[in-house]
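Here are my notes on the model you passed along, with the aromatic contacts and one helix pair in mind. Have the structure open while you read.

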Amino acid sequence: MQEDGICEEKILKKINSILGNDMDYASGKILGSMCTKPLQFANKIYSAYLDKNLGDPGLWLGTWSMEREVISMMGNLLHSNEAVGYLVTGGTEANLIAIRTARNHSNYFKNDNEIIVPSSAHASFDKAADLMRLNIIKCPLNEEYSVDIEAVKEAISPRTIAIVGIAGSTSLGTVDDIKALSDLAIDHNIYLHVDSAFGGFVLPFLRQLGYNVPDYDFIHEGVRSITIDPHKMGLGPIPAGGIIFRNTDVVGKSYFEIPYLAGGHFRQATIVGTRSGASVIATWAIIKYLGRKGYSAIVKKCMQTTEYFIEQMEYIDGIEVIRKPVMNVVGFTSNKFNVRKIDKELRRKGWALGYFNTKPPILRAVFMPHIKKNHVDNFLHDLEKITKKLVPISASEKLAQSI
Ligand SMILES: *Cc1c(COP(=O)(O)O)cnc(C)c1O
């Protein structure tokens, strides 16, 4: 740190020059992110309330009441009238809280407890298992790329403290058979958590648009908690993840009493203390501003872009879309070219997709609201050029990539 302060003007100039290294949603080249530019309206609200701290809700009773309303509105999207929960830093923290809550429900004194997740589960479950010293059992997927229910059934043991289902997987946007998982959870009295971090603000609106969306939420009695993130398709500012519990009974054993707060004694089941109230107020405002119709219109546009992409991908030789997309997330691969090389070449041209080191490897595109049709055209143009230049892989490489 230097001795003397620097004047505002110089600092702003410096910031501008450093941030020149950032990518920009408007370029359309961020094709692999589940986040997007928040609504302008939300940004304005967010920046007006930076001092609100929900780690001490007694001081900010108005903000706190808005959080309860946000949770109840999201619970309502997920078919619960008794929902409780928190807006936290993101899907990762929401999943950590869910697994901690599940563990506290169970006979958690054993040190060999297990969680059962689909192999498509987000890395946050590895973090949860690591932090809580749980074994994590990853179940294979079926031909639809959702979790194999028989495998989950076989993995259940007296050591199981939670089963996780996914409604909108990170790599392909697929939805597990939550009804079947719920039946298993009830039969064995095991906590079921549904990770709908991305899908939570997509699936209800797809249904409204007439898409065939299976029930994946609190409609199924076995579901005890759901992750749903406003900072993805909710169009909210970062940080805004949501953890929603079916009702207060679920959280019962997970509260910490915090007696010393300036606003008075409160209990909390979050991992962090100080929490952004601005995120809550901005999320509240966006949900009110857009309503179901507003979100449906946004999801509709994203799906139109997704469907256009799928149609056009047919014309690119050697590239295959993994499965018909369920939402605005598309995974593709190749049995002709090295997928890692395709990713490298795309990056060289400024494209940022997600690469998943699975069998087969997956390149993932997410059609967020900042991706427009002309961006898709630019992308396809570059992808075609790249594949035309690449040397096809040998039979053995092909085998290694696709098994
Ligand atoms: C994005 C995502 C997460 C993680 O959310 P963060 O906000 O990045 O912590 C977890 N699960 C799923 C299914 C996701 O799509």
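The points below go through ring pairs, charges over rings, and a helix packing.

1. Keep in mind that this is a predicted model. Its aromatic tally is nine pairs, and I'll pick out a couple of them.

2. Start with Phe205 and Tyr295, whose rings are stacked, at 5.1 Å centre to centre and with 20° between the planes. The planes count as stacked because the cut-off is under 30 degrees. Phe205 belongs to helix H8 (residues 203-208) and Tyr295 to helix H10 (residues 277-313), so this pair ties together parts of the chain 90 residues apart in sequence.

3. Are those two rings buried or exposed? Phe205 is buried, with a relative accessible area of 1%. Tyr295 is buried as well, at 2%.

4. Next, look at Trp351 and Phe379, an edge-to-face pair at 5.1 Å centre to centre with 85° between the planes. Trp351 sits in the loop between helix H11 (339-348) and strand S12 (354-356), while Phe379 is in helix H12 (residues 373-389); the pair thus links distant parts of the chain, 28 residues apart. Trp351 has a relative accessibility of 3% and counts as buried, and Phe379, at 0%, does too. The burial calls follow because anything under 20% relative accessible area is classed as buried.

5. Trp351 and Phe379 also belong to a cluster: ring pairs join them with Phe309, Phe332 and Phe367. Trp351 has a charged neighbour too, since Lys29 lies over the face of its ring, 4.8 Å from the ring centre.

6. There is a second charge-over-ring case to check. Here the charged end of Arg267 sits over the ring of Tyr255, 3.8 Å from the centre.

7. Now the helices. Two packed helices are described by the angle between their axes and the distance between the axes. For H10 and H12, the angle is about 25° and the axes are 10 Å apart. That makes H10 roughly parallel to H12, because angles under 35 degrees count that way. The crossing of H10 past H12 is right-handed.

8. Which residues make that contact? From H10 they are Thr305, Tyr308, Phe309, Gln312 and Met313, and from H12 they are Lys373, Val376, Asp377, Phe379, Leu380 and Leu383. Two of these names come up in the ring cluster as well: Phe309 and Phe379.

Definitions and conventions
Residues are numbered from 1 along each chain as its sequence is written. This is a predicted model: local features need pLDDT of at least 70, side-chain atom pairs count only at pLDDT 80 or more; totals for chains, interfaces and linings use all residues. Side-chain values use heavy atoms; hydrogens and water are left out. Rings of Phe, Tyr and Trp (its six-membered ring) pair if their centres lie within 6.5 Å; planes under 30 degrees apart count as stacked, over 60 as edge-to-face and the rest as tilted. Helices (H or I, at least four residues) and strands (E, at least two) are DSSP runs, numbered from the N terminus. Buried means under 20% relative accessible area, exposed over 50%, partly exposed in between (1.4 Å probe, protein chains only). A charge sits over a ring if NZ of Lys or CZ of Arg is within 6 Å of the ring centre and within 35 degrees of the ring normal. Axes are lines fitted to C-alpha atoms, for helices over the stretch in contact, and angles run from 0 to 180 degrees between N-to-C directions. Angles under 35 degrees count as roughly parallel, over 145 as roughly antiparallel, 65 to 115 as roughly perpendicular and the rest as oblique. A crossing is left-handed if the near helix is turned anticlockwise from the far one by less than a right angle, and right-handed if clockwise. Contact means heavy atoms within 4.5 Å.
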